[in-house]
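Let's take a walk along the place where two protein chains meet. Have the sequence and the model open as you read.

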Amino acid sequence: MINTGLTFAIVDSWRLPAWLAFTVWGMGSFLAILLVINRVPVMYNVLNMVVRWRNTLLSAMAFTMVIGLLTVMQAFVNGMYRLTETSGQPGNVLILAEGALDEAFSSLAMADSNDIANQPGILKDGEQPLVSCETYLLAAQSVPQPEGKTKRRFLQIRGLVDPVMAGRVHGMTLDSGEWFSEAGIRPDPDDVNAAPLVEVVMGAGMATEMGRDRGAIDGRSRKEFVVGDRFELNNRVWYVTGILKRTGSSFDSEIWSKQSVVGPMFGKERYTTMVARTADNASAQKLKEFFNTEYTKAQLSAEVESEYYKKLSQTNEQFLYAIIIVACIMAIGGSFGVMNTMYAAVSQRIKDIGVLQLMGFKRRHILVSFVLESLLLALFGGLLGCLIGLFADGWTANSVVSGSGGGGKSVVLELTVDGATLISGLMLAMVMGFIGGFLPAISALRLRALDALR
Amino acid sequence: MGLTLRLAWLVLDNTFRNPLRTLLTALGTVALVLVVTLVYTVLDNLDRITTEKSANLKLIATEKWQIPSQLPYRYVAGLAQGAAKSETDTRPTDYMSWAFFLGSLEADQSSRDFNSFIFAFVMEPEKVLTMMDELDELSPDSSDYKNLAAAVEKLKQNKQGIILGQSRMKKLNKKVGDRFKLYSRNYKDISLEFEIVGTFPQGRYDESTTFRRDYLNSALDQYQRDKGKAHPLADKSLNLVWLRVPTRDAFNEVANQIAEAPEFSAPAVKVETASSGIGNFLEGYRDLLWGARFLLAPACMATLALVIANSISISVRERQQEFAVMKVLGFQPYQILLLVLGEALFVGVVAGFFSATATYAFINFGLGGLPFKIGFLPTFDVPVSAILVGTFMGAGTALLGSLIPAWSACSVKVSEIFSRVT
């Protein structure tokens, strides 16, 4: 996860040299502090913080609020990046119709599918190529709300020819229940005259999301959908035969059903997508090139599946920039608060500074002493903020991921607080602490011993 | 009255007694009120566009069961009439059909980049002035309206005409009168020749373009003649139809008429108000907006309250002797309480007002609105009410943060304070 967090995204967006310079400067400052630390009255600073515990606590809480909030926000973006980066297998090739911007806009001729599936480079299980033929569509579902209102939710439905093959190709397995039947429908045992139930397998995220809405209507606790649950869509009743194991990918937010049932139901009788499994990423790249440049029987647009999902990160970047802006403004606001505390600390301890100078402490030691006090404050508040932010790890939230070429997917993502998130939170706290403590420390530095004691 | 003025003067005097501390507190307030103002701007604009109107409503007719909506073009005529069958049926007062056309000026796919792309609303040219959001509200006396009306007139006369957004035209490195060929990305094998006949006014449609519906229809017909078969999207080339109705009752009637019309059953059509449609679209961002409303904004306010509380409590501790002297001089505890609260309030109100006003001016006049690049949502102007909200935010958090320090100030015990004086 280290390369999915805000830290590395910042590296990408803010240019590496600037970031390296900042790191070198930070480490340099830290080393300088270490060099003189043996002459710095550290205990004096610590005791002062304890004695002025109210101010210490108030300042630290400002850090806690800022860092805690940013950790949660960053965890959300991490969740989005994780989702787009873990969706798709590096050895899979996603085949769409030429010019299709997204699965939802693609339309492949059924007659071409057999030839496409039998091209060299695609792995086989005996005689059967490891290819999943799919019809992806976005359905609009009316969801009853309290007080008789309704809202519309967009469901991502993937019509599959063979669910077992699709599970194998996409690396998805069942957590509970069973795959839908060959027919894709089953009679309604409660009403023999009713239209047959449409069988579906549901992603874990979608099961949570739909359970949440159901909870809002019938007042029961927000329990996720389980095997045997039903819902209504397109004037039909749909029946959950299985729940997919959570993988953190966008497939967690999908509903899988029989292609021959859902395709005609939504006027999409053709496949939108074919996903072919190759031996590895290098083979997938070759197959992609083959379909894009050499294959002539149909005009196709092929892409390595993991790369396709990575491109759906435009929304991630928008949120990331928004968080960077908010982080900067909040950090500036928080720094002013710390500066206030430290200026007050200096003005209240003018005599102490004089005494320290008379005891032989150099001005640079006093400078480091006040900066260190501010950094300690930041560390304490920052750690507390990270700890609070840590609680957000594992929360689920809905969002939309999309790419610059159009299209997008509604997803249920898991907030992820990783090491990079905590480190960047602490780094930000330290930067705030340094900025907040440096100017007051300079003002302490300028005091002369006798003037201070006078 | 005299005492009130005296207290007010004391508040002012004390505020500037330690200008550095006041400045730092004010700057902290400015920064955090800025974040709250931005959050308020987004939420207020979203609330506004998702609030149902009671009159002059715009409706959206789209495919009922799936997105992207792809309806046959033959639906336009009936939908424009609201599926009215008899004289007594309700009819919309105006309509506009939209098809989305994405294309590039580059024929070679490998050399296409964002700057060469065009996203166009394919529609009836005369509806640009009467049905498109914000353009339908332009004053006929404004230069924007006159320029756009002239462009629309040229578009009506020139089937190959196209109106471009100003930034899009700049990115394409073109000017009015230039001609270019557009290679479609979503309408496979369709390429269209265009002549730029004008531009949209600056603002919401900076990146948009529009051209004539009948031009696309002709291209689809030509495709069928050339290839001997219909274009794959020939029967899916209508993405949505906008309708205007005068009242909510008219909306209900038109929606019922369309829902019950057999000619709109395969594929089925749904009609909803524009605000409801946007609300449903925003459902995908529900948790994010919840976070902005109930986590980000309160956290900023809490941080701000802490910054102010810290500053005021330091100030109160430094001035304990002063408060004791004031008590000896006859000041009542409530007056001291008011004094401390007043100092915090003054800084909070001034900094909050300044921050919100500066944000208002910078975003509305400097940036031309807050960009909120989700779907078709426009840039958001900071509402005037944000200035009030920012000021109240500064005041409220100042009061909240200064309550405990002010209470401790008014509770100082004279004997205790003077016993410490040596």
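**Where chain A meets chain B**

Chain A and chain B bury about 4,700 Å² between them, with 61% of it on carbon and sulfur atoms; buried area here is the accessible area (1.4 Å probe) that two parts lose on being put together, summed over both. This is a predicted model, where local features need pLDDT of at least 70 and side-chain atom pairs count only at pLDDT 80 or more, while totals for chains, interfaces and linings use all residues. Residues are numbered from 1 along each chain as its sequence is written, chains are lettered from A in the order in which they are written, and side-chain values use heavy atoms, leaving out hydrogens and water.

In terms of contact (heavy atoms within 4.5 Å), 55 residues of chain A touch 50 residues of chain B.

Now for the polar side of things. There are three salt bridges between chain A and chain B, a salt bridge being a side-chain nitrogen of Lys or Arg within 4 Å of a carboxyl oxygen of Asp or Glu. One of them pairs A:Glu209 with B:Arg286, at 2.8 Å from N to O.

So which element of chain A gives the largest share of the side that touches chain B? That's helix 11 of chain A, with 15 residues; helices (H or I, at least four residues) and strands (E, at least two) are DSSP runs, numbered from the N terminus.

Finally, look at strand 4 of chain A: two bridges join it to strand 2 (residues 66-67) of chain B, and the two run antiparallel. Strands pair if DSSP finds at least two bridges between them. Within this pairing, A:Ala139 has B:Gln66 as its bridge partner.
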